[in-house]
Amino acid sequence: MTAFGKLIRTTAFRLTLAYLFLFALFAASLLGYFAWNTRRLITEQITSTVNAETGEISEIFARRGLRDLVSTIENRALRPGANLYLVTAPTGQAIAGNVGSLAPGVMATTGWSETAYRRLDEQDTADHRALVRVSELSSGFRLLIGRDLEERRRLFGIVAKAAQWSILIVVVLGLGGGIFVARRVLRRIDAMTGTTRRIMAGDLSGRLPVGRSGDELDRLAENLNAMLERIEALMMGLKEVSDNIAHDLKTPLTRLRNRAEEALAKSGSETEYRTALERTIEESDGLIRTFNALLMIARAESGQARGNMDDFDAADVANGIHELYEPLAEDDGMTLRVKTVPAPLHGNRELISQALANLVENAIKYGKPIPAAQPLSADAVAGSDSREILIEARRDGDQVLLSVTDRGPGIPQADRRHAVERFVRLEASRTQPGSGLGLSLASAVATLHGGELRLGDAHPGLTATLAIPAHMGVSERLAVQMPDVPQKVA
């Protein structure tokens with residue numbers, strides 16, 4: 001397709017033609033209305049003047065007779081101007097006036113008419129047009145008074161020519177402006193098209209150009225760029241998740257195979273086989289938990305869980321988690337305590353319970369007291385039980401806070417941003433069992449509900465808090481955008 005063909009097929013050019021047609025029609029209608037009113041006004045002025053003069057001359061004839069009538073007509077016919085006068089006898093013969101000839105039948109009918117005429121004092125033979133009134137006087141005499149219409153024709157011609165030039169200028173400027181706008185829009189669309197083709201070819205780093213005008217195309221480009229950034233992040237995340245799964249699950253799968261092979265090669269008794277099978281089942285359960293955690297994170301990040309949201313009390317969730325994990329904490333030498341106040345919340349109870357459970361599990365695993373070799377200040381430990389884990393549920397303004405506080409080593413400020421990434425395990429936790437998905441799931445659940453996961457100092461220890469809006473409308477919930485959760489190989 002040629003450049004001109006692409007140009008005239010653009011929406012901008014077609015819209016320009018449509019608006020151009022409307023503007024030209026409007027201009028023509030306006031000028032036509034002006035010309036019609038001008039013609040009507042001139043006609044009204046002529047008829048008013050002729051009527052007044054007809055009445056005056058008819059009165060002269062009635063009072064003074066034919067001689068004074070003829071004298072008056074002759075005097076007025078000699079005046080410069082476009083007025084026409086003619087008096088005829090009952091036989092139709094002209095007696096006085098400045099009209100040389102008229103169209104046939106004009107003097108035979110009284111009243112107004114528009115006729116061709118020729119003046120007595122004109123040398124050319126061209127006919128002119130005039131608006132005349134014929135009146136019948138007494139004794140069969142007839143009086144014609146009229147006015148030439150050249151002035152009306154000339155004025156109408158001026159208006160018509162102005163209309164022609166106006167429409168021509170509108171068309172030229174409209175076409176020029178349409179071509180300019182269409183070419184400008186076409187250049188930007190071509191640039192966008194080129195970028196999209198590169199993206200479709202696999203280059204996800206391409207971005208649409210954004211100008212400085214801030215118009216609708218710029219806003220569209222900005223939104224599309226944001227969408228492309230989101231898509232690129234998701235694709236990179238998918239790739240990294242695949243790499244992470246291959247990396248982090250390869251080791252337990254290898255252990256499974258080696259243990260099964262070892263059991264076949266070395267085990268001879270039923271007890272040894274049972275032990276090997278139990279260890280295999282335990283390893284398989286760990287893999288299943290990892291896959292379940294990944295599926296739950298994917299479910300939260302994709303927003304699929306928004307349809308299961310309901311109203312409930314966050315305090316009930318906290319109390320339930322406390323009751324469930326208190327024996328586990330005691331077996332590990334920890335004390336699990338709960339502190340709640342009524343905190344109504346709208347959300348997915350299952351996911352919020354799972355996120356809070358993950359925080360409690362992390363606190364039990366990694367919230368052990370700091371060894372004596374790392375002494376703390378008296379202010380840091382005063383009034384605190386170093387083996388206590390506190391679960392809290394409370395309302396803070398328009399948010400509900402679900403927090404878990406331990407007295408362990410905590411997470412350094414510089415590592416907190418990476419701690420919520422999938423499969424990330426900090427140096428202090430590498431010797432502990434786990435998959436590195438607990439905080440990642442908690443963060444995804446908080447974001448699904450329009451909130452966030454906050455990691456803060458407990459002096460000593462760590463406070464992990466799920467901050468979730470208490471009441472979020474349907475439109476707000478649908479508008480929540482899941483942030484990119486970067487993936488990283490441990």
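In which loop is Ser 139 found? In this predicted model, Ser 139 is placed in the loop between β5 (128-136) and β6, and its phi is near 70°, a positive value in a residue other than glycine. Most residues other than glycine have a negative phi, and most peptide bonds are trans. Ser 139 counts as exposed because its relative accessibility is 60%, the cut-off for that label being over 50%.

The protein chain that holds this loop has twelve helices and 13 strands, and 39% of its 490 residues count as buried. Among the contacts in the chain with a separation of 6 or more, 64% are made by residues 24 or more positions apart.

Strands β5 and β6 belong to an open sheet of six strands, which are arranged in the order β2-β1-β6-β5-β4-β3 with antiparallel pairing. The edges of this sheet are taken by β2 (94-97) and β3 (99-102), and because each of these has a single partner strand, one side of each is left without a neighbour in the sheet. On average, and with direction ignored, neighbouring strands of the sheet are turned by 35° against each other. One pairing within the sheet joins strand β1 (residues 83-88) to strand β6 (residues 142-148), in the antiparallel sense and over six bridges, and here Tyr 85 has Ile 145 of β6 as its bridge partner. Helix α3 (residues 66-77) lies across β1, β2 and β6, and runs at about 45° to β2.

Strand β4 (residues 111-119) of the sheet contains Thr 115, which counts as buried because its relative accessibility is 3%, where the label requires a value under 20%. When neighbours within four places in sequence are left aside, the residues in contact with Thr 115 are Leu 102, Ala 103, Val 106, His 128, Arg 129, Ala 130 and Val 132.

Beyond the sheet, helix α4 (residues 150-200) has 51 residues, and the distance from its first C-alpha to its last is 72 Å, close to the 75 Å expected at 1.5 Å a residue. The buried residues of α4 include Arg 152, Val 159, Ala 163, Gly 174 and Gly 178, and also Ala 182, Leu 186 and Ile 199. Just after α4 comes Gly 202, which takes a positive phi of about 120°.

Helix α7 (residues 314-331) can be examined in a similar way. Its 18 residues should span 26 Å at 1.5 Å a residue, and its end C-alpha atoms are 26 Å apart, which agrees with that expectation. The helix nevertheless bends by about 45° at Tyr 325, and a proline, Pro 327, follows within four residues. At the start of α7, the backbone nitrogen of Ala 315 has a side-chain oxygen of Asp 313 within 3.0 Å, while after the helix comes Gly 333, whose phi is positive, near 80°.

An α-helix has 3.6 residues a turn, so residues three or four places apart point the same way. In α7 the buried residues are Ala 314, Ala 315, Val 317, Ala 318, Ile 321, His 322, Tyr 325 and Ala 329. These buried residues pack against β7 (310-313), β8 (335-340), β9 (344-347), α8 (349-366), β10 (388-396) and β11 (399-405).

Strand β11 also pairs with β13, in the antiparallel sense and over seven bridges, with Pro 469 of β13 as the bridge partner of Gln 399. Strand β13 (residues 462-469) is mostly covered, since eight of its eight residues are buried. Leu 462, Ala 464, Leu 466 and Ile 468 point one way from the strand, whereas Thr 463, Thr 465, Ala 467 and Pro 469 point the other way, and all are buried.

Another partner of β13 is strand β12 (residues 452-457), the two pairing in the antiparallel sense over six bridges, and in this pairing Arg 454 is matched with Thr 465 of β13. Together β12 and β13 form a hairpin with four residues between them. In the loop between these strands lies His 459, which has a positive phi of about 50° although it is not a glycine, and which is exposed, with a relative accessible area of 57%. Pro 460 lies in the loop between β12 and β13 as well, and the peptide bond that joins His 459 and Pro 460 is cis, with omega about 0°.

Conventions
Residues are numbered from 1 along each chain as its sequence is written. Side-chain values use heavy atoms; hydrogens and water are left out. The expected span of a helix is 1.5 Å times one less than its number of residues. The bend at a residue is the angle between axes fitted to the seven residues ending there and the seven starting there. Buried means under 20% relative accessible area, exposed over 50%, partly exposed in between (1.4 Å probe, protein chains only). Contact means heavy atoms within 4.5 Å. A polar contact is a pair of N or O atoms within 3.5 Å; within protein, one must be able to donate a hydrogen and the other to accept it, and residues adjacent in sequence count only if both atoms are side-chain atoms. Two strands pair if DSSP finds at least two bridges between them. Axes are lines fitted to C-alpha atoms, for helices over the stretch in contact, and angles run from 0 to 180 degrees between N-to-C directions.
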